[in-house]
Amino acid sequence: MDITQTKFDPSAVRDDFPILNQRIHRDRQLIYFDSGASSQRPQSVLDAMDECYHRTYANVHRGIHCLSEQATDQYEQARARVQSFINAPNNNEVIFTSGTTASINLVAHAWGNEHIKAGDEILLTIFEHHSNIIPWQQLAVRTGAKVRFVGVNDQGELDLEDLQRQLNANTKMLAFAAISNVLGTTTPVSEIVQLAKTVGATTLVDAAQSVPHEATDVQVWDADFVTFSGHKMLGPSGVGILWGKQAILESMPPFLGGGSMIDQVTTDGFTPGELPAKFEAGTPPIVEAIGLGAAIDYLNSIKMAPIAQHEHELVKASYAVISKIDGLRILGPNANDRAGMVSFVVEGVSPQDISILLDQQGIAIRAGHHCAMPLHQSLGIRASCRASFYFYNTLDEVAQFGEALTKVVARLR
Ligand code: PLP
């Protein structure tokens, strides 16, 4: 993480996020530390979507009337923004889906059904979100393949030695998160992709927690597939991205069948259309994609390096305050080596109780298994608390959180 960049001042953007400027529960100022689950949206995203619904909305790629042409144009401009944001070589490699979950399911079906057979191995990490576990388990049930998991080392990092031990000629897919949504662990994506190539495995990077927070270059990563969600990066829910290398996407059969994804249909059958339409059956998330385009414009106006640097400072500050709490254990790597979230457990205290009492003071964190049950099982715990930050959070909010958490834990003991 480059911390030599100019300092980012979150107060300069707070007014862009009307939802953050409110008081809840007996007049407490809202402190939103749940952006890992879903971020908030700036006014410019709300305006772009509102404008579309008010003036230019129509179905896309279907009409030759004015509104349809305008909506299609905006929808395709959003695709171009995504392409440039992740440095994808080709526009038609960017597929709009409903989110990371849908993107991974698309690959597990359209690619997996063709390429995975009994005896093959699908390698994941133990800290994957259920979205990057269950589609592969379902594929394994369909085909007789085996799903295996790479562990983490004592520092909370992905155990690369274990990864190398488990990669073998049977490994056909290596699917892993660029950033763990619980541990905050960042994985060396390019290095892992290169390791996968040595055994000829296809790779998928679940970038749901990384694309919103740091610059992404899919050409540098060189994975076969990359997936992420709009709602975690200032965009609306209901839209996400599957990026894949053109050749592999072209070789895959369609996943969903329906309107827009065809070239020809007769009573005997159909021929699929070209990319990206082949994977965008039905009416797509039109306004949501336009909202995502506006979110990318906003992120570009701030730039990703200062965002990553500011979140790093928030993490360091939160470590400093909460690690003083007796019996509190922070999950994952140390403060210098992790993404913008902190998950923790407190001996003898329920994570849910902590979250409920913090909420009463206006502080929104998440408690539970964070859709990562296998990780929690491997850590010997059922649940944890997670405070996840975005660039609109301030050091002052972290200080208030530390103070409130200290009091809450003392009260619950
Ligand atoms: N992968 C990771 C790492 C996540 O954090 C999440 C959501 O929290 C997902 C996948 C699923 O994303 P979505 O619910 O937007 O499909």
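## A strand wrapped up on both sides

Let's start in the middle of things, with strand β10, residues 240-244. Five of its five residues are buried, so the strand is largely enclosed by the rest of the structure. Keep in mind as you look around that this is a predicted model. You can check the two faces of β10 one at a time. Gly-240, Leu-242 and Gly-244 sit on one side, Ile-241 and Trp-243 on the other, and all of them are buried.

Which strands pair with β10? One is β4 (residues 94-97), which runs antiparallel to β10 and is joined to it by four bridges. To find this pairing on screen, look for Ile-95, which stands opposite Leu-242 in β10. Another is β9 (residues 225-229), also antiparallel to β10, this time with five bridges. Here the pair to look for is Phe-228, opposite Ile-241 in β10.

## Around the ligand

Now for the ligand. Which residues surround it? They are Thr-100, Thr-101, His-129, Ser-131, Asn-181, Asp-206, Ala-208, Gln-209, Ser-229, His-231 and Lys-232. Sorted by class, that shell has one nonpolar, eight polar and two charged residues.

Some of these residues bring a polar side-chain atom up to an oxygen atom of the ligand. For Thr-101 the distance is 2.5 Å, and for Lys-232 it is 2.5 Å. His-129 has a polar side-chain atom 3.4 Å from a ligand oxygen. How much of the ligand does the protein bury? Taken alone, the ligand exposes 390 Å², and the protein buries 87% of that.

## Another covered strand: β17

Further along the chain you'll meet β17 (384-388). This strand is mostly covered, with five of its five residues buried. On one side you'll find Ser-384, Arg-386 and Ser-388, and on the other Cys-385 and Ala-387; every one of these is buried.

β17 has its own pairing strands. With β14 it pairs in the antiparallel sense over four bridges, and Ser-343 has Arg-386 of β17 as its bridge partner. With β16 the pairing is antiparallel too, over three bridges. There, Ala-367 is matched with Cys-385 in β17.

## Helix α11 and what covers it

Helix α11 takes up residues 351-360, and its buried residues are Pro-351, Ile-354, Ser-355, Leu-357 and Leu-358. What covers them? The cover includes the strands β14 (341-346), β15 (363-364), β16 (366-368) and β17 (384-388), along with helix α13 (395-412). You've met some of these already: β14 and β16 each pair with β17.

Both ends of this helix are worth a look. At its start, a side-chain oxygen of Ser-350 reaches to within 3.2 Å of the backbone nitrogen of Gln-352. After the helix comes Gly-362, with a positive phi near 90°.

## Odd angles in the loops

A few spots have backbone angles to look out for. Leu-275 and Pro-276 are joined by a cis peptide bond, with omega at about -5°. You'll find Pro-276 in the loop between β12 (269-272) and α9 (286-302).

His-61 isn't a glycine, yet its phi is positive, at about 60°. Its home is the loop between α1 (43-56) and α2 (66-85). Ser-260 isn't a glycine either, and its phi is also positive, at about 80°. Look for Ser-260 in the loop between α8 (246-251) and β11 (262-266). Is Ser-260 buried, exposed or partly exposed? It counts as partly exposed, because its relative accessibility is 31% and that class runs between the 20% and 50% cut-offs.

## Two residues to compare

Let's finish with a pair of single residues. Thr-72 lies in helix α2. At a relative accessible area of 15%, Thr-72 is buried, because buried means under 20%. Leaving aside its neighbours within four places in sequence, Thr-72 is in contact with Asn-59, Val-60 and His-61. That last one is the residue with the positive phi of about 60°.

Asp-326 sits in the loop between α10 (304-322) and β13 (328-331). Is Asp-326 buried or exposed? With a relative accessible area of 62%, Asp-326 is exposed, because exposed means over 50%. Apart from neighbours within four places in sequence, Asp-326 is in contact with Val-346 and Arg-413. As for Lys-407, it is 81 residues from Asp-326 in sequence, and 12 Å away in space from C-alpha to C-alpha.

Methods: Residues numbered from 1 in each chain as written. Predicted model: local features only at pLDDT ≥ 70, side-chain atom pairs only at ≥ 80, totals over all residues. Heavy atoms only, no water. Buried < 20%, exposed > 50% of the residue type's maximum accessible area, 1.4 Å probe, protein only. Contact = heavy atoms within 4.5 Å. Near = heavy atom within 4 Å. Polar contact = N/O pair within 3.5 Å; in protein donor to acceptor, adjacent residues only side chain to side chain. Areas by Shrake-Rupley, 256 points an atom, 1.4 Å probe, with all protein chains shown as cover. Nonpolar A, V, L, I, M, F, W, Y, C, P; charged D, E, K, R; others polar. Pairing = 2+ DSSP bridges.
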